[in-house]
Amino acid sequence: MTPLHDMRIAILVSDLFEQAELASPKQALEGAGASVSIIAPRPGSVTGLHHAAKGDTFPVDLTLEAARSEDFDGLVLPGGVFNADALRIVPAAQAFVKAFERAQKPIAVICHGPWLMVSAGLVRGRTLTSWPTLQDDIRNAGGMWVDQAVVTDRNWVSSRKPDDLPAFNRTFIDLLAQQAHA
């Protein structure tokens, strides 16, 4: 049996996310046995970016309105400037991430993804990393920003950029496996 057998993971994105930060965790999580759902504010599909170049489209499994945090065991928040900037001001996205935090479920956030955590008021007293340009936002929101490939703070795993994905994926899968066996 795989370590994440029977676990359900949500990946929350809007359009123009950093494609590697969705595709790589999704593949790693599914390879570890998890069922992964792409959740977005609107139905249909979402489009990724390869840095600045247009990427692939991915089908949306559930709209944010229809998604219920209690149906999932963990959450992934990919980055990408446009994606993160759009999601951070969506009240339903803030409520969704707050529900995961209240339940102390694992949350994996990378690159610009922490903007949603900042806007949801969740970073005070937490240590995390991100794309370097977010460090002032994190500090101003009461968090501690560090420049490391991967940081674990209780139920959060954070990373800086696509180059960190191998460590990010491995660390998040380990955290989820610990939860599954607890």
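# A guided tour, starting at the largest pocket

The largest pocket holds about 170 Å³ of space, and because the model you have open is a predicted one, everything on this tour describes a prediction. To see the walls of the largest pocket, select Leu-16, Phe-17, Glu-18, Leu-49, His-51, Gly-80, Val-81, Phe-82, Cys-111, His-112, Trp-131 and Pro-162, which line it. If you then colour the model by its helices and strands, look for strand 2 (17-18) and helix 2 (81-87), which are the elements that give two or more residues to this lining.

Stay with one of these lining residues, Leu-16, and centre the view on the loop between strand 1 and strand 2, where Leu-16 has its place. The phi angle of Leu-16 is near 65 degrees, which is a positive value in a residue other than glycine. Is Leu-16 buried or partly exposed? With a relative accessibility of 30%, Leu-16 counts as partly exposed, since that class lies between the limits of 20% and 50%.

**Arg-160 and its partners**

Next, select Arg-160, which you will find in the loop between strand 12 and helix 6. Arg-160 counts as buried, because its relative accessibility is 16% and the limit for being buried is under 20%. Show the side chains here, and you can follow two polar contacts that start from the side chain of Arg-160: one goes to the side chain of Asp-147, at 3.0 Å, and another goes to the side chain of Asp-164, at 2.9 Å. If you leave aside the neighbours within four places in sequence, the residues in contact with Arg-160 are Ile-110, Cys-111, Thr-129, Ser-130, Trp-131, Asp-147, Gln-148 and Ala-149. Two names in that list, Cys-111 and Trp-131, also belong to the lining of the largest pocket.

**Helix 6 and what covers it**

From Arg-160, move on to helix 6, which is made of residues 165-181. This helix has 17 residues and reaches 24 Å from its first C-alpha to its last, close to the 24 Å expected at 1.5 Å a residue. Which residues of helix 6 are buried? They are Leu-165, Ala-167, Phe-168, Asn-169, Phe-172, Ile-173, Leu-175, Leu-176 and Ala-177. As you look at how such positions are spread along a helix, keep in mind that an α-helix has 3.6 residues a turn, so residues three or four places apart point the same way. Now show the surroundings as well, because the cover over the buried residues of helix 6 includes strand 1 (8-12), helix 1 (20-31), strand 7, strand 8 (107-110), strand 11 (150-153) and strand 12 (156-159).

**Helix 3 and the residue after it**

Select residues 91-102 to bring up helix 3, whose twelve residues reach 16 Å from the first C-alpha to the last, close to the 16 Å expected at 1.5 Å a residue. Its buried residues are Ala-93, Gln-94, Phe-96, Val-97, Ala-99, Phe-100 and Glu-101. Then step on to Gln-104, which lies in the loop between helix 3 and strand 8 and has a positive phi, near 55 degrees, in a residue other than glycine. Gln-104 is partly exposed, with a relative accessible area of 44%.

**Salt bridges**

The next stops are about charge, and it helps to know that side chains of opposite charge can pair when their charged atoms come close. How many salt bridges does the structure hold? It holds nine, and a good one to select is the pair Lys-26 and Glu-30, whose closest N and O atoms are 2.7 Å apart. Both of these residues lie in helix 1, four residues apart, which is about one turn of the helix. Glu-30 counts as partly exposed, at 37% relative accessibility.

Now select Arg-68, which meets Glu-70 in a salt bridge of 3.4 Å, N to O, and forms another with Asp-71, where the closest N and O atoms are 3.3 Å apart. Arg-68 counts as partly exposed at 43% relative accessibility, and Asp-71 counts as partly exposed at 34%. Elsewhere, select Glu-101, Arg-126, Asp-153 and Arg-154 together, since salt bridges that share partners join these four into one network.

**Last stop: Ala-66**

Finish at Ala-66, in the loop between strand 6 (62-63) and strand 7 (74-77). Ala-66 is partly exposed, with a relative accessible area of 45%. Add Ala-40 to your selection, and compare two kinds of separation: Ala-66 and Ala-40 are 26 residues apart in sequence and 9.8 Å apart in space, C-alpha to C-alpha.

Key: Residues numbered from 1 in each chain as written. Predicted model: local features only at pLDDT ≥ 70, side-chain atom pairs only at ≥ 80, totals over all residues. Heavy atoms only, no water. Expected span 1.5 Å × (residues − 1). Buried < 20%, exposed > 50% of the residue type's maximum accessible area, 1.4 Å probe, protein only. Contact = heavy atoms within 4.5 Å. Polar contact = N/O pair within 3.5 Å; in protein donor to acceptor, adjacent residues only side chain to side chain. Salt bridge = Lys/Arg side-chain N within 4 Å of Asp/Glu carboxyl O. 1 Å grid on protein atoms, 1.4 Å probe; cavity = no way out; pocket = protein on both sides within 12 Å on 5 of 7 lines; lining within 4 Å. Points joined across faces, edges and corners; volume = space filled by probe spheres on them.
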